[in-house]
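I set out to look up a few points of chain fold, helix packing and chain contact. The entries below are kept in the order in which I worked.

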Amino acid sequence: MREFNGKSVCHGTAYGRAFVVKKADVSVERKKIEDIEYEIKRIEYAKEKASRDLEQLYKKAVKEVGEANAAIFQIHEMLMEDADFLEAIYRMIRTERVNAEYAVAVIGNYFSNMFAGMEDDYMKAREIDIKDISNRLVRNLQGYESKEFAMKDPVIIVAEDLTPSETVQLDKEKILAFVTVHGSTNSHTAILARMMNIPAVIGVPLELDTIQPDTLLIVDGSEGKVIFDPAEDVRRQAEEKIRQEKERLQLLQMQKGQENITLDGRKINIYANIGNVSDVRYVLENDAGGIGLFRSEFLYLGKKDFPTEEEQFNAYRQVVQMMAGKPVIIRTLDLGADKQVDYLKIGCEENPALGCRAIRICLKRPDIFKPQLRALLRAAAYGNLYIMYPMITSVEEVKRIYEIIEEVKAELDKEEISYKMPKQGIMIETPAAVMISDELAKMVDFFSIGTNDLTQYTLALDRQNESLDEFYNTHHTAVLKMVQIVTENAHKEGIWVGICGELGADMSLTEKFVKMGIDEISVVPSMVLKLRKQIREMRIES
Amino acid sequence: MKKFDYTIQDNCGIHARPAGMLVKEAGKFESKITIWKEDRFVDVSKLIALMGLGVKKGDTVTVEIDGSDEEKAAEALEKFFKENL
């Protein structure tokens with residue numbers, strides 16, 4: 001067993017036989033020629049053929065990886081027509097009286113070295129583009145068809161590096177993974193592998209000569225690992241991982257684009273919980289209907305000071321724009337208790353879970369709350385944004401929030417800054433909020449039940465205290481009854497109610513929640529499709 | 001002759017794709033168009049040289065347009081830089 005580390009460019013696991021691609025270093029002979037014009041004509045012909053081939057490749061690539069990524073083949077065509085490149089080739093043929101293939105190879109080398117020597121990593125990676133076109137021209141001059149990799153069974157491609165044309169020409173059905181010695185994350189192999197969704201690890205320090213053809217290997221795209229001749233247990237683990245990935249993919253193919261609807265016609269919204277702008281990718285990948293809980297804490301945690309209004313506005317705007325009209329429920333600052341930042345200076349509390357946290361901080365410190373509200377109102381103009389307030393225990397708190405909102409609106413109006421007033425909802429995560437949910441329902445546009453805190457406060461049981469695990473019953477009747485009460489009170493006032501805590505992802509409770517009348521469930525992105533499948537197989541009227 | 005300065009905003013600088021688009025855009029005009037980065041300059045019709053200039057984010061380049069349609073070209077190119085780079 002030999003293990004190597006590289007950079008992962010596309011996640012996923014693969015296990016199979018190595019197909020070692022030796023660098024087809026096009027060998028050319030230097031020949032003395034007599035008829036200069038004839039050699040130049042040959043280049044014209046080679047270019048015409050290359051042009052046609054690139055057009056074909058472009059079309060294939062558009063279908064497989066989209067127009068933006070396929071554009072590289074149009075760039076190749078332009079590079080091939082580059083005046084400096086062609087003039088240098090022609091000049092060499094004329095002055096040194098050498099054959100066309102030799103001149104193309106030498107000049108191609110010269111220009112690719114120029115890129116290889118550049119400082120910028122992105123530009124360095126362009127070396128391979130020049131190589132690709134000069135090899136293409138040389139092959140055409142020599143009258144060879146570009147070499148096709150003949151593979152019968154799916155294999156793992158192991159190569160020094162792959163040119164964009166090699167990558168696109170490969171038969172996707174026959175490739176389990178890519179492993180390359182060179183290449184950067186900017187390389188086309190990397191970009192194309194990602195688009196084709198094939199596991200790929202690059203920059204793996206391998207000596208290709210030492211690899212026997214058909215050696216068995218594991219490519220672990222998520223860890224950036226390559227393991228040759230894996231031991232029995234390692235292989236089994238990899239196979240299990242592949243099985244799970246496959247299952248997820250199948251689920252995705254089956255459930256993507258489907259409605260979350262029970263067999264007897266009840267529709268539920270399934271949204272995703274996220275904690276960062278970059279997570280939006282997973283929300284979209286898993287086909288969630290919206291974002292049910294966007295924790296705004298990421299903007300505050302790990303910082304030296306409060307994030308500015310602009311910083312927040314940009315993050316919120318980005319998310320609502322990426323979600324393109326789908327609901328994005330952003331929870332206001334939920335710091336305190338187990339999430340502390342130094343600059344907040346809350347100080348030591350005897351009982352932080354019952355202390356200065358979440359909305360309490362915001363109401364005590366409007367100077368912290370207002371910039372966030374301003375950022376949220378401004379970002380709301382760019383998409384379908386909802387504000388959600390955490391840790392509410394009283395009607396007075398909501399009233400106070402609305403007063404602050406009015407102040408913020410007046411300020412924005414005065415400063416002539418454009419905004420939109422979003423819908424506002426609250427988290428139901430304290431027993432107090434449950435008990436007065438009938439009154440609260442009259443004041444807000446929606447409820448979202450935070451089951452984690454609600455369980456901890458209802459059972460008077462500290463979630464952080466592991467020695468109490470035996471008492472921590474997540475299915476406690478008290479909590480489930482509360483969900484029922486909240487749902488009924490919400491519906492009496494015609495507002496919708498969701499669940500955004502861990503219980504939402506507990507599939508043994510989904511049916512119960514749907515029967516209770518829960519309108520929305522928000523879970524980690526990877527659970528969205530599993531939940532959808534479950535709901536689509538469910539019947540609620542008995 | 002017309003000229004303007006522009007500071008590159010794009011994270012990758014003048015990378016392959018916008019470089020290709022820039023060459024095409026410049027090719028629409030009669031005028032000779034050169035782009036300067038510090039003391040080096042290249043003819044914008046030449047893609048390899050343009051990429052070889054290695055213009056990165058934050059670099060300020062000067063674009064010079066000289067010829068019969070320089071007014072129109074300058075306007076179009078300035079727009080191109082703002083939209084794509």
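The notes that follow concern a predicted model.

**Entry 1. Chain B overall.** I began with the secondary structure of chain B, which holds three helices and four strands. Along the sequence I read the pattern β-α-β-β-α-β-α. I then looked up burial and found that 36% of the 85 residues in chain B are buried. For contacts with a separation of 6 or more, I noted that 72% join residues 24 or more positions apart.

**Entry 2. B:Glu30.** I located B:Glu30 in the loop between helix 1 (16-26) and strand 2 of chain B. Is B:Glu30 buried or exposed? I counted 11 other C-beta atoms within 10 Å of B:Glu30; the cut-off for exposed is 12 or fewer, so B:Glu30 is exposed. Setting aside neighbours within four places in sequence, I found B:Glu30 in contact with B:Gly67, B:Ser68 and B:Asp69. B:Gly67 is 37 residues from B:Glu30 along the chain, and their C-alpha atoms are separated by 6.6 Å.

**Entry 3. Positive phi at two residues.** I looked up two residues that are not glycine and yet have a positive phi. B:Glu38 has a phi of about 50°, and I placed B:Glu38 in the loop between strand 2 (32-37) and strand 3 (40-43) of chain B. With 10 other C-beta atoms within 10 Å, B:Glu38 is exposed. A:Ala358 also has a positive phi of about 50°, and A:Ala358 sits in the loop between strand 11 and helix 12 of chain A. The count for A:Ala358 is 23 other C-beta atoms within 10 Å; the cut-off for buried is 20 or more, so A:Ala358 is buried.

**Entry 4. Helix 13 of chain A.** I took helix 13 of chain A as residues 366-380, which is 15 residues. From its first C-alpha to its last, helix 13 reaches 20 Å, close to the expected 21 Å. Among its buried residues I listed A:Phe369, A:Gln372, A:Leu373 and A:Arg374; the run from A:Ala375 through A:Leu376, A:Leu377, A:Arg378 and A:Ala379 to A:Ala380 is buried as well. Which elements do the buried residues of helix 13 of chain A pack against? I found three helices of chain A, namely helix 11 (309-322), helix 12 (359-364) and helix 14 (395-414), together with strand 11 (328-331) and strand 12 (385-389).

**Entry 5. Helix 9 against helix 20.** In chain A, I compared the axes of helix 9 (residues 232-255) and helix 20 (residues 528-536), which come within 10 Å and cross at roughly 55°. The two helices are therefore oblique to each other, and helix 9 passes helix 20 in a left-handed crossing. From helix 9, A:Leu251, A:Leu252 and A:Gln255 meet A:Leu529, A:Lys530, A:Arg532 and A:Lys533 of helix 20. By class, I recorded three nonpolar, one polar and three charged residues in this contact.

**Entry 6. Chain A against chain B.** How many residues of chain A are in contact with chain B? I found 18, in contact with 15 residues of chain B. On the side of chain A that touches chain B, helix 2 (67-80), helix 3 (83-96), helix 4 (100-116) and helix 5 (121-124) each supply at least two residues. Helix 2 of chain A gives the most, with six residues. By class, that side of chain A has twelve nonpolar, one polar and five charged residues.

Definitions and conventions:
Residues numbered from 1 in each chain as written. Chains lettered and ligands numbered in written order. Predicted model: local features only at pLDDT ≥ 70, side-chain atom pairs only at ≥ 80, totals over all residues. Expected span 1.5 Å × (residues − 1). Contact = placed C-beta atoms within 7 Å. Axes fitted to C-alpha atoms, helices over the stretch in contact; angles between N-to-C directions. Parallel < 35°, antiparallel > 145°, perpendicular 65-115°, else oblique. Left-handed = near helix turned anticlockwise from the far one by under 90°. Nonpolar A, V, L, I, M, F, W, Y, C, P; charged D, E, K, R; others polar.
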